[in-house]
Structures are given as C-alpha cells and as structure tokens.
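The following explanation leads the reader through one protein chain, from its overall form to selected local features.

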Amino acid sequence: MRILITGGAGFIGSHIQDKYIELGHDVTILDNFSTGKREYLNQDAALVEGDITDENVVRRVIETGNFDLINHHAAQINVRYSFDDPVNVCHVNVIGTLNILKAMIDFKVPKIIFSSTGGAIYGSPGNLPVGETHPLNPESPYAISKMTCEKYIRNLSDLYGIRYTIFRYANVYGPRQIAKGEAGVVAIYTERLLDGRPPIIFGTGDNTRDYVFVGDVVDANALALTKGDGGIYNIGRGVETNVHDVYNAVSKAFGDRALEAGFGEEVPEVERIALDASLARTDLGWDPKVDFEDGVIETVKSFGVNVEGRFPG
Ligand SMILES: NC(=O)c1ccc[n+]([C@@H]2O[C@H](COP(=O)([O-])OP(=O)(O)OC[C@H]3O[C@@H](n4cnc5c(N)ncnc54)[C@H](O)[C@@H]3O)[C@@H](O)[C@H]2O)c1
C-alpha cells in the first residue's frame, strides 16, 4: 500500500512508520518537526517537511502521492497547553484535519486512520472501564478538538464514502515519548531522575490512567490497514494505574538510584479513566501484550538507563 503518515516523525507515528515499512508498505511522512525528530525517520520513508495547517502543502502532497491510506497522527497534543491557547489547538487539530479530509475527497484517497483520545474524550465517567458508546464529555480544548475531528470524519465519510478507522487511545507510553505530551508522565519521571531531580506528584496522586504500550498501539494501526472500516475503537488495557504506581514502576527500573517523589499542587484534569477495548478485540483481533511494569522498563532503558539500576557510563 502507499501510505501517508502525518506526524510520522513523532512518538507514536514514527513507530507506526517502522512497522508499516517492515510490512512492505510504501511510506511517506508529512511532519513539521514541531515535536517530532529527524532521527526517528526511517531511511526507507519519503519525507515531506510541511505543516498540515497549510492547505496548499497538504493538497500538493496528497494530489501527487496516489495514497491508498492516510494515517493521521500530526496534532498539537498537550492537554494543559490547550487551555492556554485553544485557538492554536483548534487550528492545528481541526483545520489541519479538515485540510486532509478535503484533499482526500478531491484526490480520492479511500481511507483514513485517525488518532483520537480515549483518555480525555469521555470526561470522568462513573463506571470504568468505559466503552465507546458512553456519552462524550470532553473537558479540555484538546479533547474538544479531537471530538470535533471525529464528527467531521464521520460526516464526510457519510457524504463522500471515505472509509475510516478512529482509535481512541488511552495514555500511550514507550520509547521515543517526549516529556510534554498528553500522557508523558513515564517520560517525565525518567527525565527527572536522569537529571537527579525528584519526580513530582501533583495533588494526591490517586488519579488514575490507563497506560498502553506504544508497541500495542502500533499493532492496532497495522490491523486497521485491512480491518475496522467505520469503527471507533478504544485502545487501552482497561487497567487503572495511579500516579504512585507510575512513580514506583519508574523507580524500580532505576534501582537504588531513584529519588523520593516531591509533591505539587493539583492541576485540573480527568480524575479516573480506564478504557474497555473489547470491541477492538472482537472486530480487529487486537490484543495488548505488554503489561505496565515491562513497558516501563523498556521505556526507561530507551533513555539510556541501565535497568539493573546503574546510570550509563
Ligand atoms: N501520546 C498519547 O498518549 C496519545 C493519546 C491519545 C491520542 N494521541 C494522539 O496521537 C497522535 C500522536 O501523538 P504523539 O504522542 O506521538 O505526539 P508527538 O508530539 O510525539 O507527535 C506529533 C507529531 O506531529 C507533528 N506535528 C505537530 N503539528 C504538526 C503540524 N501542524 N503539521 C505537521 N506535523 C505536525 C510533530 O512534529 C510530531 O512529529 C496525536 O494526534 C495525539 O493527539 C496521543
């Protein structure tokens, strides 16, 4: 297949890029390197450096690419930043996505895989793990932007027959994660410990997230190349992990060099979340394989830490 990955130089997109190339697909990356890194680009991927908010760039890439599928991962992903600059978040996430959809319609690209958020789109549901039919209750400009994209994709699919698979990811973590994103806490704690600074737990630390390893997310994106048309799927393990558990798992990977956590003021965010991904299991045959502690060890190792408990060098 000929595949365009937007955001393919980023954390999740670059892993998807590697998998698609391994599967023998022809991959082009569209990225503006705002958070993505050139070193993550696969030497077998073609690169277009550009911005999804630039309609001309998007149209040119899609017109000339003859793509069978667009895997759309480029976005402004920082939830806290989205409160400070909702206009920019809307511009990148919503207008950027509309530019892509419009070009797909005009140049007849049959399918899009879209990365939405299961961690933020449902708000704080009463019963966990939450399924896809739960009412949407986004509590941040970031989550509102993702919900809006989902609705545009479904609407334009109804009108123009574009096929789609929408993934609502839980908190994705793993190697190459930047310490600034929606779910960067594993990377943040790892970076702080490497710098000799204590990890900070904001508020009580009792709030929970559903952590899914990036390799499992990549598997979902590989399955959606041939399955899952018209589907919206939660991608998570359905397990609640609180901030203390994250601190403990990262500390364990650092061995006796870990530092006591510090505490900071509570920040407004979803209190508890875990996703029911049974639909992805049934429709796609998706089965997450990596449990949290193993995934944390992989992540910490990727920062150059000797996971036996010694720093490199
Ligand atoms: N990380 C998570 O836990 C998580 C959870 C839910 C959803 N998502 C979604 O998955 C996608 C990828 O997230 P990530 O964690 O890999 O983030 P990331 O910041 O590592 O990757 C985003 C990539 O998009 C690029 N990009 C950003 N704005 C762009 C623009 N205007 N034009 C072109 N390229 C642009 C960046 O340079 C980067 O390479 C995002 O859409 C995000 O909302 C992530």
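**From the whole chain to single residues**

Of the 313 residues in the protein chain, 48% are buried. The model is a predicted one, and every value given here is computed from it.

The secondary structure of the protein chain comprises 10 helices and 13 strands. The radius of gyration is 19 Å, close to the 20 Å that the globule rule gives for 313 residues, so the chain is as compact as a globular protein of that length. Its C-alpha trace extends over about 55 × 45 × 40 Å along the principal axes.

The contacts show how the sequence is brought together in space. Among those between residues at least 6 apart in sequence, 79% join residues at least 24 apart.

One pair illustrates separation in sequence alongside distance in space. R59 and M104 are separated by 45 residues in sequence, while their C-alpha atoms are 8.5 Å apart. R59 belongs to helix α2, which covers residues 55–65. Is R59 buried, exposed or partly exposed? There are 16 other C-beta atoms within 10 Å of R59. Burial requires 20 or more such atoms and exposure 12 or fewer, so R59 is classed as partly exposed.

Helix α7 offers a further view of burial. This helix spans residues 214–223 and is mostly covered, with 7 of its 10 residues buried. Which residues of α7 are buried? They are V214, D216, V217, V218, D219, A220 and N221. For reading such a list, the helical repeat is useful: an α-helix has 3.6 residues a turn, so residues three or four places apart point the same way.

Conventions
Residues are numbered from 1 along each chain as its sequence is written. This is a predicted model: local features need pLDDT of at least 70, side-chain atom pairs count only at pLDDT 80 or more; totals for chains, interfaces and linings use all residues. Helices (H or I, at least four residues) and strands (E, at least two) are DSSP runs, numbered from the N terminus. The radius of gyration is taken over C-alpha atoms; the globule rule is 2.2 Å times the number of residues to the power 0.38. Two residues are in contact if their C-beta atoms, placed from the backbone, lie within 7 Å.
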